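User: I am new to this structure and would like a close look at one part, the surroundings of the ligand, followed by the strands and a few residues elsewhere. Please go through it step by step.

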Amino acid sequence: MNTTVTNPIRARGIRKAFGPLEVLKGVDLDLASGEVVCILGPSGSGKSTFLRCLNHLEKPDAGLVELNGEPMGYRPEDGKFRELSGRALQKQRATIGMVFQRFNLFPHLSVMQNVMEAPRRVLKLSRKEAAERARRLIERVGLAEKLDTYPAALSGGQQQRVAIARALAMEPSVMLFDEPTSALDPELVGEVLDVMRSLSEVSAMSMIVVTHEISFAKSVADRVIFMDGGVIVEQGKPDEVLSRPTQQRTQAFLRRILE
Ligand SMILES: Nc1ncnc2c1ncn2[C@@H]1O[C@H](COP(=O)(O)OP(=O)(O)OP(=O)(O)O)[C@@H](O)[C@H]1O
Ligand SMILES: [Mg+2]
């Protein structure tokens with residue numbers, strides 16, 4: 001009997017340099033199903049680059065990412081890996097939802113149209129199916145009354161919630177969040193974190209969240225990772241890493257952001 005459970009994400013030895021600048025120096029990460037991992041670290045430590053390597057927006061120089069047991073961005077052929085492109089890559093990438101710091105909604109499309117676009121184009125859902133799915137997800141992020149509104153008429157927090165609904169519309173098996181609240185006014189942060197919290201608690205979504213929201217990490221994360229200089233310096237249970245870090249670099253960073 002095969003009892004092996006495939007992790008949604010398995011990354012091994014991820015390296016990435018931009019010219020002479022070594023940004024990732026061999027990063028490993030396993031994300032278990034339903035697990036929430038928060039990544040913290042100073043500016044320039046490679047957090048965004050790492051997330052972008054996970055969904056092959058950035059091609060690692062070395063190492064391998066597996067998504068649900070399949071090599072991300074490649075297909076095995078004659079004992080070699082051949083890089084995917086076009087539709088095949090787009091389809092694989094669709095199983096990873098990504099939400100960025102800046103809401104990247106289409107400005108010329110309404111909330112409904114923003115959420116329906118990728119399921120229509122990539123998954124080839126009928127208009128009716130895509131609309132039903134979109135309506136359900138928009139309600140779920142608390143924006144039922146904004147279906148026909150355009151992004152410019154939404155607050156930053158509302159735009160970010162639409163961005164989450166839009167990612168969920170592809171029914172991803174993993175969600176990646178790159179500082180989803182750091183561009184928001186403080187009073188709008190909570191509504192976005194609440195949606196993310198419910199995604200974890202109600203839907204058991206597997207998530208990697210780059211964030212400096214310490215209280216969110218403490219209460220939602222199963223594991224916290226501290227990255228610096230392109231490596232994982234320390235990781236563990238939120239309480240361990242955030243309240244009793246063992247590494248001097250983690251201690252210094254936390255002192256800085258908590259002061
Ligand atoms: N496409 C690129 N070309 C050249 N350098 C890049 C590129 N992308 C990132 N870098 C550099 O790689 C380093 C790591 O960047 P990255 O965005 O991954 O850091 P980060 O940890 O996400 O930082 P922040 O907290 O500021 O978002 C930085 O020095 C950045 O300038
Ligand atoms: Mg970043």
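Analyst: The ligand site comes first below, then the strands, then three single residues.

This is a predicted model, in which local features need pLDDT of at least 70, side-chain atom pairs count only at pLDDT 80 or more, and totals for chains, interfaces and linings use all residues. Residues are numbered from 1 along each chain as its sequence is written, chains are lettered from A and ligands numbered from 1 in the order in which they are written, and side-chain values use heavy atoms, with hydrogens and water left out.

Ligand 1 is surrounded by Phe18, Leu21, Val23, Pro42, Ser43, Gly44, Ser45, Gly46, Lys47, Ser48, Thr49 and Glu179. A residue belongs to this shell if one of its heavy atoms lies within 4 Å of the ligand. By class, four of these residues are nonpolar, six polar and two charged. Here Ala, Val, Leu, Ile, Met, Phe, Trp, Tyr, Cys and Pro count as nonpolar, Asp, Glu, Lys and Arg as charged, and the others, Gly among them, as polar. Both β2 (21–31) and α1 (47–54) supply at least two residues of the shell, and the largest share, three residues, comes from α1. Such helices (H or I, at least four residues) and strands (E, at least two) are DSSP runs, numbered from the N terminus.

Several polar contacts reach the ligand, a polar contact being a pair of N or O atoms within 3.5 Å; within protein, one must be able to donate a hydrogen and the other to accept it, and residues adjacent in sequence count only if both atoms are side-chain atoms. A polar side-chain atom of Ser43 is 2.6 Å from an oxygen atom of ligand 1. The side chain of Lys47 has an N or O atom 2.7 Å from an oxygen atom of ligand 1, and a polar backbone atom of Gly44 is 2.8 Å from an oxygen atom of ligand 1. On its own, ligand 1 has 640 Å² of accessible area, of which the protein covers 58%; the areas come from the Shrake-Rupley method with a 1.4 Å probe, and for residues only the protein chains shown count as cover.

Strand β2 also belongs to an open sheet of four strands, in the order β2-β1-β4-β5 with antiparallel pairing. Its edge strands are β2 and β5 (70–71), each pairing on one side only. Two strands pair if DSSP finds at least two bridges between them. Between β4 (residues 62–67) and β5 there are two bridges, and Leu67 stands opposite Glu70 in β5.

Elsewhere, β8 (residues 96–99) pairs in the parallel sense with β9 (residues 174–178) over four bridges. Met98 has Leu176 as its bridge partner in β9. In β8, Ile96 and Met98 point one way and Gly97 and Val99 the other, and all are buried.

Arg10 is in strand β1 (residues 9–18). Because its relative accessibility is 34%, Arg10 counts as partly exposed; buried means under 20% relative accessible area, exposed over 50%, and partly exposed in between (1.4 Å probe, protein chains only). Leaving aside neighbours within four places in sequence, Arg10 is in contact (heavy atoms within 4.5 Å) with Leu29, Asp30, Leu64, Val65 and Glu66.

Gln159, in helix α5 (residues 156–168), counts as buried because its relative accessibility is 14%. Its side chain reaches the backbone oxygen of Leu154 at 3.2 Å.

Thr250 is in helix α9 (residues 248–258) and, at 1% relative accessibility, counts as buried. Thr250 and Phe226 are 24 residues apart along the chain, with C-alpha atoms separated by 6.7 Å.
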